[in-house]
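Here is a short tour of one protein model, written for someone who is new to reading structures. Keep the picture open and follow along as we go.

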Amino acid sequence: MPSDARVLPFEAMRRLLRHGAYPNLTRLLRNLHESESAEMLVQLPPGAQRRLLERLPDRELAAAIFTYLDESARTALLPHLSTAFLVE
């Protein structure tokens, strides 16, 4: 679970993702540093991680968050990502 300072954004991220509110999710994540978003992302199950990255309307933001994942998290997530996401 994220630290206390990130519980509110993390819970908001989970809720928005669950409801498919990707424009709102984009706004939330733009207000955080990509490294903070990456830290929260790894707290989600792999399927939710994939959905967030692949469906986020801001492709540059999704790519930036992916690059801030540590190597083990990127390696674990790679098999779940679509080829389309990886080549964009």
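Are Phe66 and Phe85 buried or exposed? Phe66 is buried, and Phe85 is too. Keep in mind that what you see is a predicted model.

**The aromatic pair**

Search the whole structure for aromatic pairs and you get one. The ring centres of Phe66 and Phe85 are 6.1 Å apart and the ring planes sit at 80°, so this pair is edge-to-face. An angle over 60 degrees is what earns that label. Phe66 belongs to helix 5 (residues 59–68) and Phe85 to helix 7, so the pair ties together parts that are 19 residues apart in sequence.

**Around helix 5**

Phe66 has buried company in helix 5: the buried residues of this helix are Leu61, Ala62, Ala64, Ile65 and Phe66. What do they pack against? Their partners are helix 2 (22–30), helix 3, helix 4 (46–55), helix 6 (71–77) and helix 7.

Now look at the N-terminal end of helix 5, which is capped by Asp58. A side-chain oxygen of Asp58 lies 3.2 Å from the backbone nitrogen of Glu60. We'll meet Asp58 again in the salt bridges.

**Three buried residues to click on**

Start with Leu77, which you'll find in helix 6. Why does Leu77 count as buried? Its relative accessible area is 1%, and buried means under 20%. Leaving out residues up to four places away in sequence, Leu77 touches Pro46, Gln49, Arg50, Leu53, Phe66 and Leu69. Phe66 is on that list, and the C-alpha atoms of Leu77 and Phe66 are 9.4 Å apart, with the two residues eleven places apart in sequence.

Next comes Gln49, part of helix 4. Gln49 has a relative accessibility of 10%, so it counts as buried. With residues up to four places away in sequence left out again, Gln49 touches Leu41, Val42, Leu44 and Leu77.

Then find Ser37 in helix 3 (residues 34–41). Its relative accessibility is 2%, so Ser37 is buried as well. The residues Ser37 touches, not counting those up to four places away in sequence, are Leu29, Leu32 and Ile65. Ile65 is one of the buried residues of helix 5.

**Salt bridges**

Side chains of opposite charge can pair when their charged atoms come close. How many salt bridges does a search of the whole structure find? There are three, and here they are:

| Acidic residue | Basic residue | N to O distance |
|---|---|---|
| Glu11 | Arg14 | 3.3 Å |
| Asp58 | Arg30 | 2.9 Å |
| Glu54 | Arg50 | 3.5 Å |

Take Asp58 and Arg30, which form a salt bridge. Asp58 sits in the loop between helix 4 and helix 5, while Arg30 is in helix 2, so their pairing ties together parts that are 28 residues apart in sequence. The two ends also have different labels: Asp58 counts as buried because its relative accessibility is 17%, whereas Arg30 counts as exposed because its value is 52%. This is the Asp58 that also caps helix 5.

Glu11 and Arg14 are both in helix 1 (residues 4–19), three residues apart, which is about one turn of the helix. Glu11 has a relative accessible area of 30%, so it is partly exposed. Arg14 is partly exposed too, because its relative accessibility is 32%.

Glu54 and Arg50 both belong to helix 4, and they are four residues apart, again about one turn of the helix. Arg50 counts as partly exposed because its relative accessibility is 26%. You've seen Arg50 before: it is one of the residues that Leu77 touches.

**A nonpolar patch on the surface**

Finally, turn to the outside. Which residues form a nonpolar patch on the surface? They are Leu78, Leu86 and Val87, and together they have about 280 Å² of accessible area. Leu86 lies in helix 7 (residues 83–87), the helix that also holds Phe85. Leu86 counts as partly exposed because its relative accessibility is 42%, whereas Phe85 is buried.

Technical notes:
Residues are numbered from 1 along each chain as its sequence is written. This is a predicted model: local features need pLDDT of at least 70, side-chain atom pairs count only at pLDDT 80 or more; totals for chains, interfaces and linings use all residues. Side-chain values use heavy atoms; hydrogens and water are left out. Patches are made of residues with over 30% relative accessible area and no salt bridge: like charges are joined within 9 Å, nonpolar side chains (Val, Leu, Ile, Met, Phe, Trp, Tyr) within 5 Å. Accessible areas come from the Shrake-Rupley method with a 1.4 Å probe; for residues, only the protein chains shown count as cover. A salt bridge is a side-chain nitrogen of Lys or Arg within 4 Å of a carboxyl oxygen of Asp or Glu. Helices (H or I, at least four residues) and strands (E, at least two) are DSSP runs, numbered from the N terminus. Buried means under 20% relative accessible area, exposed over 50%, partly exposed in between (1.4 Å probe, protein chains only). Contact means heavy atoms within 4.5 Å. Rings of Phe, Tyr and Trp (its six-membered ring) pair if their centres lie within 6.5 Å; planes under 30 degrees apart count as stacked, over 60 as edge-to-face and the rest as tilted. A polar contact is a pair of N or O atoms within 3.5 Å; within protein, one must be able to donate a hydrogen and the other to accept it, and residues adjacent in sequence count only if both atoms are side-chain atoms.
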